[in-house]
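This report goes through one protein model, beginning with strand pairing and going on to cores, empty space and backbone details. The sequence and structure are shown first.

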Amino acid sequence: MNLHVPGWTVRVLLVVAVVLSTAAVGVAVQPTRQVSRQVDATPDIAVQPEVLRFSNATDESDARTLSIRNVGDAPLTIDAVAIVGPDRASFERAFEGPVTLGPGERQNVTVTFDAPTARPQFATLHILSTDPDEPQRNVWLTNTRTVADVSPSRVLERKTLVNATITDAEANTTQSLNISWPLTRDDVVAVDALSFTPERAGSVTLSVATNVSRFGDVPAFAPADGTEPAGYVHVDHSIANEDVGNVTFHVRVRKDRLAGNETGPEDVALYRHEAGGWVELPTRFVDEGETHYFFEARAPGLSDFTTGVKQAKFRITDALVTVTRISTHQGTEVRVRVRNVGGADGTYTVKLLLEETVVDRTELSIAPNGTRQATFERSFDEPGTYQVYVNERFVGNVTVESGDTVTTGASTPGRTGTPRAETTDDAPTARPEAGGTTSGESVPGLGFGTTAVALLVAALSVAVRRRHR
């Protein structure tokens, strides 16, 4: 007998057989699931071209246009378009922002060059945007064939690094590089721009690193005047220092680095390491922003630098008690001479102590390399021997006796004398008191009054004898 089985029945039986076979060997069949991945939309900036070259004619303006596009899939905001560099006055932009570009949209920016002279000129156009990967894009502006490429800053473990390449630099033509990037804007010390004049034509590469701590092979910065380092700069360069001149740094220093120590921007200077030591460079305070001070400094070459903040540094050069033996109704003076051996103005508090108790104080404002003297007047109610200190320095002992047991011509200040401060270059010296001594002790023999009476009596006797002759 022939058994006819429909085709669909055979297929069902085969599927059941496969399932049963899989279950028999312990393999679980997992249902398939479609996995979907959601990618966050981000803006993405594209700028073309990255170099605008202008003609060198001086009798007419020359205009060039660049395009800013949003090639991302989220809105892009152009926050600002700015021209920086020493020759920025020769270039003018027709758009400065802000504007928001949707995906695929563009903004054209026209830059006009109008120079009074035909000399080589350079500037950089900064485009600041909300692109998370490239918040700043640079466009090089020039009327020469020279092109500068400055890489975005990299924040490494111990330093911030910016690399730059200048192609076809002309000899004896000053090159100016703006190396400020958003990642460096909050640094304690950052280099915003660097300019120099190569004395030979060709290409130049630079690597500018900044760090709060000194680099491993750089000697310690510890000047005798107490100047403190705020940050270090190291410049690697392919051009030899003998082939470069007119080096100028534009540096920023964060304001909080100067706070709380009586220093201001006038106390900041750039130092260069040369010939085994640190040499202060001519530094000029230029401007200030909300968070930083800005400076310009000139250097004889490229190497290692530090930004130093000058400090006031005080030294008590001399202190003495003018009279060391007095009675309870008399007084004495304590004179103190203080010198500022630091590089900045400052205020020094002079404290007068008897034993371990502060009994008086005064403040001295002293310029760098200046000296001021404070004078304390003091009297005592009780007999005894008192140890006199000025700050931590022992000055001497004052012996006080009751009544009139001590005779001296010293002045008698009140119990709470007022300290006097004066500017002087002379060391405090004991002022001779009446009686010809500075110690306050009585003088043996005739005093001044007794001697005068004796001389007067003798003179009268001589006159009487002459009259009777």
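## Strand pairing around strand 17

In this predicted model, L194 has F249 of strand 17 as its bridge partner. That pair belongs to the contact between strand 14, residues 189–198, and strand 17, residues 244–254, which run antiparallel and are joined by eight bridges.

Both strands are part of an open sheet of five strands, whose order is 13-14-17-21-20 and whose pairing is antiparallel. Strand 13 (175–178) and strand 20 (283–288) each have a single partner strand and therefore stand at the edges, with one side of each left without a neighbour in the sheet. On average, and with direction ignored, neighbouring strands of this sheet are turned by 20° against each other.

## Nonpolar cores

The largest nonpolar core holds 40 residues, and those that touch the most other members are L177, L206, V235, V247, F249 and F305. Strand 17 gives the most to this core, contributing five residues. F249 thus appears both among these core residues and as the bridge partner of L194. In soluble globular proteins, nonpolar side chains tend to be buried together.

L177 shows how one of these core residues is surrounded: leaving aside its neighbours within four places in sequence, L177 is in contact with A148, V150, A164, I166, D192, A193, L194 and L206. A second core, separate from the largest, has 23 residues, including A319, V323, I366 and F376.

## Pocket and cavities

Rolling a probe the size of a water molecule over the atoms shows where empty space is left. The largest pocket contains about 450 Å³ of space, and of the 20 residues that line this pocket, V84, G85, R88, N178 and D192 lie nearest its centre. Two or more lining residues come from each of strand 4 (76–84), strand 8 (122–129), strand 13, strand 14, strand 17 and strand 21 (292–299). D192, one of the residues nearest the centre of the pocket, is also among the contacts of L177.

How many cavities of 30 Å³ or more are counted? The count comes to three, and about 70 Å³ of space lies in the largest cavity. The lining of this largest cavity is made up of T160, V162, I179, T184, D187, A190, V191, V208 and T210, with two or more residues given by each of strand 12 (160–169), strand 14 and strand 15 (202–211). Strand 14 is therefore listed for the lining of the largest pocket as well as for that of the largest cavity, besides its place in the five-stranded sheet.

## Strand 30 and its two partners

Strand 30, residues 393–401, is joined to strand 24, residues 325–327, by three bridges, and these two strands run parallel. Within this pairing, R325 has T399 of strand 30 as its bridge partner.

With strand 29, residues 384–390, strand 30 pairs in the antiparallel sense over seven bridges, and the bridge partner of V390 in strand 30 is R393. The hairpin of strand 29 and strand 30 has two residues between the strands, and N391 there takes a positive phi near 55°.

## Cis peptide bonds

Q48 and P49 are joined by a cis peptide bond with omega of about -15°. Q48 is found in strand 1, residues 45–48, whereas P49 is found in the loop between strand 1 and strand 2 (51–53). Q48 is classed as exposed because its relative accessible area is 53%, where exposed means over 50%. Apart from neighbours within four places in sequence, Q48 is in contact with L66 and S67, and its C-alpha atom is separated by 9.8 Å from that of N108, 60 residues apart along the chain.

A cis peptide bond is also found from G97 to P98, with omega near 0°. P98 has its place in the loop between strand 5 (91–93) and strand 6 (99–101).

## Positive phi in two loops

A275, although not a glycine, has a positive phi of about 55°. A275 is found in the loop between strand 18 (268–274) and strand 19 (277–280), and with a relative accessible area of 91% A275 is exposed.

E355 is likewise not a glycine and has a positive phi of about 60°. The place of E355 is in the loop between strand 26 (346–354) and strand 27 (357–366), where E355 is partly exposed, with a relative accessible area of 34%.

Conventions. Residues are numbered from 1 along each chain as its sequence is written. This is a predicted model: local features need pLDDT of at least 70, side-chain atom pairs count only at pLDDT 80 or more; totals for chains, interfaces and linings use all residues. Side-chain values use heavy atoms; hydrogens and water are left out. Two strands pair if DSSP finds at least two bridges between them. Helices (H or I, at least four residues) and strands (E, at least two) are DSSP runs, numbered from the N terminus. Axes are lines fitted to C-alpha atoms, for helices over the stretch in contact, and angles run from 0 to 180 degrees between N-to-C directions. Buried means under 20% relative accessible area, exposed over 50%, partly exposed in between (1.4 Å probe, protein chains only). Contact means heavy atoms within 4.5 Å. A nonpolar core is a set of buried Ala, Val, Leu, Ile, Met, Phe, Trp, Tyr and Cys residues joined through side-chain atoms within 4.5 Å. On a 1 Å grid over the protein atoms alone, a cavity is a set of points where a 1.4 Å probe fits but cannot get out, and a pocket is an open set with protein on both sides within 12 Å along at least five of seven lines; lining residues have an atom within 4 Å of a point. Grid points are joined across faces, edges and corners, and a volume is the space filled by probe spheres set on the points.
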